[in-house]
Every structure is written in structure tokens, then in C-alpha cells.
Amino acid sequence: MKKIEKLTPEDIKAMSYNEIIGLVRETNRTPGGLNTIKTVARMLNLNSSSKILDIGTSTGHTALEFGRLLNCEVTGIDINDESIKTATERCKRFKLDKVKFQLDDATNLSFKDGVFDVVFAGNVTSLVNNREAALNEYWRVLKPNGYLVAVPMYYIKEPSKKLVDDVRKAIQVNIEVQHKQEWRDFFLRENDEMFEEVDFKFLKCSDKEIDEFCKNILEREHLKKLSKESMETLRKCYYDFMHLFNENNSHMGFTVFIIRRKEEDVFNDPELYHSERV
Ligand SMILES: C[S@@+](CC[C@H](N)C(=O)[O-])C[C@H]1O[C@@H](n2cnc3c(N)ncnc32)[C@H](O)[C@@H]1O
């Protein structure tokens, strides 16, 4: 990407939402944010010896919060260079020497087989061109008893065609309108079992909340290097993106899927006596 001071209004208008996030250094959070991270850490009893891979880490929120919570080895990867730079700077500020960030592609990971206890994929697989290749890679780098955590977002209320087209244009990805079951079927392969599955829905933000959020982000020091015209264009694009995603999220939910390999050869019969909490 060009240096900030060289960005023209046309450059900014041509940027996808993902590139804008890199530019403004917005903290992209996994659906459910810190709550999802704490839920996963508790459910899987993660600790300082756990090794976690955060796929599509963006500016590093999930990886850094796992690192802060568990003081364990975490690697965050993304294809966006700007986001990886921001994540690395944030990591230095937290002084987390067991957390690392690197450029890498989910569909062709640079890691050896079987090195991670957890592969965390928060709202990223929908953006990857070759999802099958990504899913194969997640399992390839997991240890034999590792867990895949996938947190896909999906529609729980039918969106209008215009809304979907606007989101496609904003993120410059030809997303499909997907529902929970399609994600469940995609992630849960024949040899795997669902270990945990927790559903959530998004709440709509007020216009005031969005205004305050945008104002806070756009006042960042590094953005002062933009020309007046480029700043105005960025302001308009950013507000438009936030309102669009607020509207879109009000049609959406997400699930924390935690999946592991079935061990049919070891436990070769299913559970018969089920129970429920009283
Ligand atoms: C919507 S953001 C989600 C970021 C974070 N996981 C979260 O849940 O907030 C998706 C991220 O995935 C990254 N991404 C898209 N395709 C990728 C790929 N093939 N490999 C790695 N990262 C990818 C994007 O650059 C972006 O930072």
C-alpha cells in the first residue's frame, strides 16, 4: 500500500473494507469479541502450554487476548500486510513474547503438520476463495487431538438483495447468503465430531454509538498525515461502512463451533445413556 500521505481520495474510494481497516488500524474482533475468546479458553481448558493458531488474525485482537489470558504460544496469520504490521506493533506494546504474527495464506499454510492444539478461525473462512483447501490446512496443522474452533457468521433473517450486494461491494468478496446449517455441514466432516456448539445473535447499535465509534477511530494520530480531501473521503467511506455492517449484522448470528476428530477405532460404540442438567 502507498504511504498514508500519498493516498488520494480515489485510492481511498477504491479500497475494500478490509483495506480500510488496515488503514485506520481498527481492531477487528472475532464475532462475540472477548466473550468468545474466554468461552473457548474455558471450554477447552486452555493453559500456558497450549499452542494456538489464529487464522485471519487481522490486527491481532484474538491472538493477543489469548496470549494475555493464557500466556501461551499464539501465532496469528493474515494475508493483509498492513494488519500484520499493526498486530506486531500491538504485540510489542503488550510485551507478549510468546505471541507472533506472520503473513500467511489460510489455503497454503507455511507450518509443518500437527503442531497446534487449537486452530481458531473467526469469521474468516467465508472470505477465503478456496474454503475446502483452507479446511484441509486447518486439520493438517492441528495435532492429532487438537480442536478446530470455527466462528462463522450467517443470516438468521433473510436480507434484501440490495443489502447483500452492498456488503459484497464493500468487502469486495462475492459472499453467498449462508445459514447456520450450511456452515455446520461444511465444518463437520464425516470423521469429526461436534465437541461444543454455542449460538449467538447480534444486537443492533444505535446511530449515536456508531457516530462515537467512527469519531474515535478517525481522530487517530497517524491519519492526520492524510490530505484534507482524502480525510473527508475516508470519513464518508468509514461512516457508510459502519452503518452498512450494523444493518447487515441485525440480520445475522454466529456460532462457536468446536470440533475434534472422532476416534471410532478406540471408542467403537456411541453414547447410549444421555443426561440433562437439573
Ligand atoms: C473479517 S476479518 C476477521 C478477522 C478476525 N479473525 C475476526 O474475527 O475479527 C477476515 C480476515 O481474514 C483475512 N483473510 C482473508 N483471506 C485470507 C486467507 N486466505 N488467509 C489468511 N487470512 C485471510 C483478511 O485479511 C481479514 O483480516
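1. Let's start with helix α2, which spans residues 17-24 in this predicted model. Its buried residues are Y17, N18, I21, G22 and L23. What do they pack against? The buried residues of α2 pack against α5, α7 and α10. Just after α2 comes R25, and its phi is positive, near 60 degrees.

2. Two of α2's partners, α7 (161-171) and α10 (228-249), also pair with each other. Their axes come within 10 Å and cross at roughly 135 degrees. Why is this pair called oblique? An angle of roughly 135 degrees lies between 115 and 145, so it falls outside the perpendicular and antiparallel ranges, and α7 is therefore oblique to α10. The crossing is left-handed.

3. Now look at the side of each helix that takes part. From α7 come L163, D166, V167 and A170, and they meet F241, L244, E247 and N248 of α10. Sorted by class, the contact of α7 with α10 has 5 nonpolar residues, 1 polar and 2 charged.

4. Helix α5 (residues 81-94) pairs with helix α4 (residues 61-70): their axes come within 10 Å and cross at roughly 20 degrees. Angles under 35 degrees count as roughly parallel, so α4 is roughly parallel to α5. The crossing of α4 past α5 is right-handed.

5. Which residues make this contact? On the α4 side they are A63, L64 and R68, and on the α5 side A87, R90, C91 and F94. The residues of this contact divide into 5 nonpolar and 2 charged, with no polar ones. It is worth finding both helix pairs on the structure and comparing them by eye.

6. Next, the nonpolar cores. The largest one has 44 residues, and V119 and V149 are those with the most contacts inside it. Strand β5 (residues 142-151) gives the largest share of this core, 6 residues. Follow V149 to see how the core is joined up: leaving aside residues up to four places away in sequence, V149 touches V40, V118, F120, A121, V256 and I258. Apart from this core lies another, of 11 residues, including I21, L23, F241 and M242. You have met some of these names already: I21 and L23 are among the buried residues of α2, and F241 is one of the α10 residues that meet α7.

7. Two loop residues deserve a look for their backbone angles. N71 is not a glycine, yet its phi is positive, about 50 degrees. Its place is in the loop between α4 and β2 (73-78). N123, also a residue other than glycine, has a positive phi near 45 degrees, and is found in the loop between β4 (116-122) and α6 (131-141).

8. Are these two buried or exposed? Neither label fits. N71 has 16 other C-beta atoms within 10 Å, so it is partly exposed. N123 has 18 C-beta neighbours inside 10 Å and therefore counts as partly exposed; a residue needs 20 or more to be buried.

9. Finish with A134, in helix α6. Here the count is 21 C-beta neighbours inside 10 Å, so A134 counts as buried. Which residues does A134 touch? Not counting residues up to four places away in sequence, they are A106, T107, T125 and V128. A106 is 28 residues from A134 along the chain, but their C-alpha atoms are separated by 5.2 Å.

Notes
Residues are numbered from 1 along each chain as its sequence is written. This is a predicted model: local features need pLDDT of at least 70, side-chain atom pairs count only at pLDDT 80 or more; totals for chains, interfaces and linings use all residues. A nonpolar core is a set of buried Ala, Val, Leu, Ile, Met, Phe, Trp, Tyr and Cys residues joined through C-beta atoms within 7 Å. A residue is buried if 20 or more other C-beta atoms lie within 10 Å of its own, exposed if 12 or fewer, and partly exposed in between; C-beta atoms are placed from the backbone. Helices (H or I, at least four residues) and strands (E, at least two) are DSSP runs, numbered from the N terminus. Two residues are in contact if their C-beta atoms, placed from the backbone, lie within 7 Å. Axes are lines fitted to C-alpha atoms, for helices over the stretch in contact, and angles run from 0 to 180 degrees between N-to-C directions. Angles under 35 degrees count as roughly parallel, over 145 as roughly antiparallel, 65 to 115 as roughly perpendicular and the rest as oblique. A crossing is left-handed if the near helix is turned anticlockwise from the far one by less than a right angle, and right-handed if clockwise. Ala, Val, Leu, Ile, Met, Phe, Trp, Tyr, Cys and Pro count as nonpolar, Asp, Glu, Lys and Arg as charged, and the others, Gly among them, as polar.
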